[in-house]
Amino acid sequence: MGNTTKLAAAVALLVLTGCATQPPQGAVTCETQERKFRDLHKAGELKAASQAFSNLIKDCPATLTGTLRSRVLPFMRDLLTDSALDDTSYRIHGSLFTSGWTAETDTETDYFWLQLVQRHLQHGSVRAARQVSQKIVEPASLLQMRVDRRFDALVSADPSHFDIAAAIERNLARRRAEAAAAPRALEPWMRLTAALAGAGRYQETLDAANDAIARGPQAFDEYSKLYPWLLTAKGW
């Protein structure tokens with residue numbers, strides 16, 4: 001029997017016995033870890049849940065931007081209410097930043113990183129605070145930091161990042177790119193018109209809304225949901 005024939009026979013045997021598709025006995029899958037975390041959090045076992053969550057960050061980071069994305073902020077809010085777990089929540093907060101996690105909206109992400117900046121400063125970690133502040137992008141968030149004296153050292157160290165006019169332009173460029181990348185999608189258009197209105201670009205807001213209306217339902221996947229928003233945008 002040649003080597004190729006032997007290999008084929010071995011693979012066939014593995015498939016028949018289930019060894020080729022089943023994880024080793026005792027192996028912990030990401031689904032198992034996620035279920036454990038959900039059960040512990042639901043039961044209010046925050047200390048055990050935080051350990052399970054830390055394991056997910058380390059072993060299964062994709063779950064945090066997938067099936068668990070909407071659960072991260074509620075869990076962190078619960079952790080922050082327990083002063084006995086302050087060190088644990090601070091460590092997890094930093095691990096989420098290092099992992100590149102983001103919330104479902106930029107506003108939520110900004111607020112979450114702003115909290116981490118504050119915690120870094122409270123711990124005297126100015127360098128870490130400066131690093132996190134670079135990921136805060138919304139003009140309103142940056143304005144909040146500019147007027148809060150606690151962040152003076154960060155603002156003075158990188159004034160260009162906290163230039164509100166420049167931040168508005170960066171935000172609009174990001175929103176336009178998102179809309180261009182997904183021209184049939186609802187959410188990018190909504191974010192673009194909101195950003196234009198927030199920047200005081202009312203004529204451009206009106207133009208964007210009129211353009212979408214002129215393109216009609218054949219141009220969007222969820223036009224029936226988009227249309228009321230466009231009418232609202234025309235009134236800004």
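This report looks at salt bridges in the structure above.

The model is predicted, so local features need pLDDT of at least 70 and side-chain atom pairs count only at pLDDT 80 or more, while totals for chains, interfaces and linings use all residues. Residues are numbered from 1 along each chain as its sequence is written, and side-chain values use heavy atoms, with hydrogens and water left out.

Let's start with the count: there are 15 salt bridges, each one a side-chain nitrogen of Lys or Arg within 4 Å of a carboxyl oxygen of Asp or Glu. Here are some of them.

| Pair | Closest N to O |
|---|---|
| E34 and R38 | 3.0 Å |
| R191 and E178 | 3.3 Å |
| R184 and D221 | 2.8 Å |

Now for where they sit. Helices are DSSP runs of H or I, at least four residues, numbered from the N terminus. E34 and R38 are both in helix α2 (residues 30–42), four residues apart, so about one helical turn separates them. E34 is buried (under 20% relative accessible area, with a 1.4 Å probe and protein chains only; exposed is over 50%, partly exposed in between), at 11%. R38 is partly exposed at 25%.

What about R191 and E178? Their side chains meet in a salt bridge. R191 belongs to helix α11 (residues 186–198) and E178 to helix α10 (residues 164–181), so this pair ties together parts 13 residues apart in sequence. Both also join a salt-bridge network with D106, E138, R174 and R175.

Finally, R184 pairs up with D221. This link spans distant parts of the chain, 37 residues apart: R184 is in the loop between α10 and α11, and D221 in the loop between α12 (202–215) and α13 (223–234). R184 is partly exposed at 38%, whereas D221 is exposed at 55%.

Definitions and conventions. Helices (H or I, at least four residues) and strands (E, at least two) are DSSP runs, numbered from the N terminus.
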